[in-house]
Amino acid sequence: MVDDEPNIRRILQVAFEKVGYSVATVENAIQALDFLGREDVSCVFTDVTMPGPSGYELLREIKQRWPATPVIIMTAFGTIPQAVQAIRDGAFEYVTKPFDLDSVKRVVEAAVSNPKSARHKRAAGHLPDEPFLAVSPAMRQVMDLVKQVADSRATVMIGGESGVGKEVVSKAIHSLSSRAKKPFVAVSCAAIPESLLEAELFGHEKGAFTGAHAAKVGRFEAADGGTLMLDEVGEIPATVQVKLLRVLQEREIERLGATRPTRVDVRVISATHRDLHSAVQAGTFRLDLLYRLQVIEIHVPALRERLEDIVPLAELFLKKQAADNGRSPLHITSETERILLAYNWPGNVRELENTMERATVLAPAGSDDLSPALLPGQLKRAA
């Protein structure tokens, strides 16, 4: 329970404890994130307007670090449009102030009973919601290796073309490990400017550099106890490679401007579409760092190399898009299936997902079939 009003915290705590819940209360988003990093919870119930980060900012941080934890937003009537946006950003539900306790209890019960919640996933040993399908022999081999390495401390490097689902595999490793209730933090090393990457990974103290008006926790500290995924790890500049190597060796980080190191317990998974051995030969990637990152290597095959997965993945994406767009899932006709299987899919799973989204949006009202007419031209030409 996150609210800066002591009376509201007390009212809600008493109400929920009377019906059997264990309730922890905190005053702000910073305290909430600290608590979530140490304890396992079934649901987060947060106000929007608080000193420091808002409830919306807290929501976004929770969805990044603990995506399976349901978050309920408490908002005033005047901010309902923002609350609706929060639902789109991943909130489970919102309740309005002044609230009715019985309604709030029903929403919380629905959240903690949701089969997609973190509690139910851990109890059932489920993989994350992302489409990790292992129909083809190639993906069954990947799944077997994921299960084998999930609960070790070994670093894992995931290779494969862009769009094959490397982050999905990373999340599967995390979800099947003993770290599943701790944060999963992903960072795209290619998306962060070189000048900012070091501070983003390791954090900084107030005044460490121009513009550092407050201390910042880096991604390693945010992932403490859990898993850090370094996507496009081949794009890390040489100066940061040296510091990353030290973190892997010593299991401690130094914030920029700090005078002492901080111990961290993080399982590192990296991903790349590049041939890092060639990068080593070219002098752009350290061989000793490659050895540290590549204790276990998993290659995710391209979609064209696992034809058995194409139609099941397409059906999964159609169900998702149907739910998002308030309609029934489209049925893949035999002619459409033939076209899907004949196409080379250079964009891999990501391109397939985008294709199913396009078809769902363009399908006429009342239409039940995904006909070839709803497919992009390049697919039909390839057939």
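**Close-up views of two sheets and two cores**

**View 1. Three strands make an open sheet in the order β1-β2-β3, with parallel pairing.** The model shown here and in the other views is predicted. The edge positions belong to β1 (44-47) and β3 (93-97). Each has a single partner strand, so one side of each lacks a neighbour in the sheet. From one strand to the next, the twist averages 25 degrees.

**View 2. Strand β2 (residues 71-76) runs parallel to β3.** Five bridges join the two strands. One residue pair can be picked out here: Met74 has Val95 in β3 as its bridge partner.

**View 3. An open sheet of five strands follows the order β5-β6-β9-β4-β10.** Its pairing is parallel. β5 (184-188) and β10 (296-299) stand at the edges. Each of these has a single partner strand, so one side of each is left without a neighbour in the sheet. The twist from one strand to the next averages 20 degrees.

**View 4. Strand β4 (residues 156-159) pairs with β10.** The sense is parallel, and the pairing extends over four bridges. Within it, Ile158 stands opposite Ile298 in β10. Helix α8 (residues 166-175) packs on the sheet. The strands that α8 touches are β4, β5, β6 (227-231), β9 (267-272) and β10. The direction of α8 makes about 150 degrees with that of β4.

**View 5. The largest nonpolar core has 31 residues.** Those with the most contacts inside this core are Leu201, Phe220, Leu228, Leu230, Phe285 and Leu293. Two strands, β5 and β6, each give two or more residues to the core. So do the helices α9 (194-202), α10 (219-222), α11 (238-250), α12 (276-282) and α13 (287-293). Helix α11 supplies the largest share, five residues.

**View 6. Leu201 and its contacts beyond the local sequence.** Neighbours within four places in sequence are left aside. What does Leu201 then contact? The residues are Val187, Gly218, Arg219, Phe220, Leu230 and Val240. Phe220 and Leu230 are also, like Leu201, among the residues with the most contacts inside the largest core.

**View 7. A second nonpolar core is separate and has 22 residues.** Its members include Ile332, Leu340, Val349 and Leu370.

Notes
Residues numbered from 1 in each chain as written. Predicted model: local features only at pLDDT ≥ 70, side-chain atom pairs only at ≥ 80, totals over all residues. Heavy atoms only, no water. Pairing = 2+ DSSP bridges. Axes fitted to C-alpha atoms, helices over the stretch in contact; angles between N-to-C directions. Contact = heavy atoms within 4.5 Å. Core = buried A, V, L, I, M, F, W, Y, C linked by side-chain atoms within 4.5 Å. Buried < 20%, exposed > 50% of the residue type's maximum accessible area, 1.4 Å probe, protein only.
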